[in-house]
Amino acid sequence: MEIVIRPDYDGLSDTACSIVRAELARKPDLVLGLATGRTPLGLYERLRKSGDSFAKVRFFDLDEFYGLGPSHPDSFQHFLRTRFLDPVGAAPGNVRLLRGDVADLEAEARDYEEAIRGAGGIDLQILGIGRNGHIGFNEPGSSLGSRTRPKTLTPEVLAHYVRDIDPLSRMTSFALTMGVGTIMEARKLLMLACGPEKADIVRQFVEGPITAEVPASMLQLHRSAVVVLDEAAAAGLKRRDYYKWVFENKWRVGQK
Ligand code: GLP
């Protein structure tokens, strides 16, 4: 895992943007996995303004609330379409996002996995992290080998993410999410975390043991995972100075 620590959120977003643009320059028909949440908004804004063409990019996403259709304002699909996909002119035929409003969630999950395979796998998966260590909606205790499937959400997560829906309703208790195993098959992972409320979980998943109690800790086993943090989210890391030194000096490798 490469750990990159930037001074603030703007720096984090700039670095994340450079990483995505480098992948896009390498492969214009990139298969890109998107994440929702507040953290990648700065990245999406920069990508929108970059002028790069996303016409050939194939898009997937991480997760979706059960019961919410694409036009529901709280759906992740609505979020991604309005904040990113529509503004960058994503081709409709290249977008396959999870649907939370289907009758058969298991069938949707199987179809989704098939679509990822059909696209040749995900080249770059963007990730955020929940304060409890979840990636996608893989809550603590999720199998580290799991595939796309329905999941039951924790009350804390619901309270945090669903504003306007009755918390007792069945539709708020479930989600569909890419599995940890599915995420791990992406060729490159780009995890973003910012703010002091993420410092404790960042310390756990970067420097703690690999455990299903912290699903993000599985990134330690990935061959190409980059974690971009701001100073606040990196504050609990024991080897913070070392990661900074590596980032500033890695260009020296191979130089005389
Ligand atoms: C949510 C989503 C994730 C997201 C994460 C972080 O619950 N399921 O896909 O990456 O939590 O959200 P935020 O960036 O708002 O902290």
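This passage walks through the sheet of a predicted model and the strands around β5.

The sheet is an open one built from six strands, and reading across it gives the order β1-β9-β8-β5-β2-β3, with parallel pairing. At the edges sit β1, covering residues 2–6, and β3, covering residues 58–61. Each of these has just a single partner strand, so one of its sides goes without a neighbour in the sheet. Ignoring direction, neighbouring strands here are turned against each other by 20° on average. As for what holds such an arrangement together, strands of a sheet pair through backbone hydrogen bonds, in either a parallel or an antiparallel fashion.

Further in, β5 sits between β8 and β2 in the strand order. On the β2 side, two bridges link residues 31–34 of β2 to residues 124–127 of β5, and the two strands run parallel. Here Leu32 lies opposite Leu124 of β5, while Gly33 faces Gln125. On the other side, β5 is joined to β8 (residues 188–193) by four bridges, again in parallel. Gln125 turns up here too, with Leu189 as its bridge partner in β8. Gln125 is therefore matched with Gly33 towards β2 and with Leu189 towards β8.

What about the two faces of β5, covered or not? Both are covered. Leu124 and Ile126 are buried on one side, and Gln125 and Leu127 are buried on the other.

Technical notes: Residues numbered from 1 in each chain as written. Predicted model: local features only at pLDDT ≥ 70, side-chain atom pairs only at ≥ 80, totals over all residues. Heavy atoms only, no water. Pairing = 2+ DSSP bridges. Axes fitted to C-alpha atoms, helices over the stretch in contact; angles between N-to-C directions. Buried < 20%, exposed > 50% of the residue type's maximum accessible area, 1.4 Å probe, protein only.
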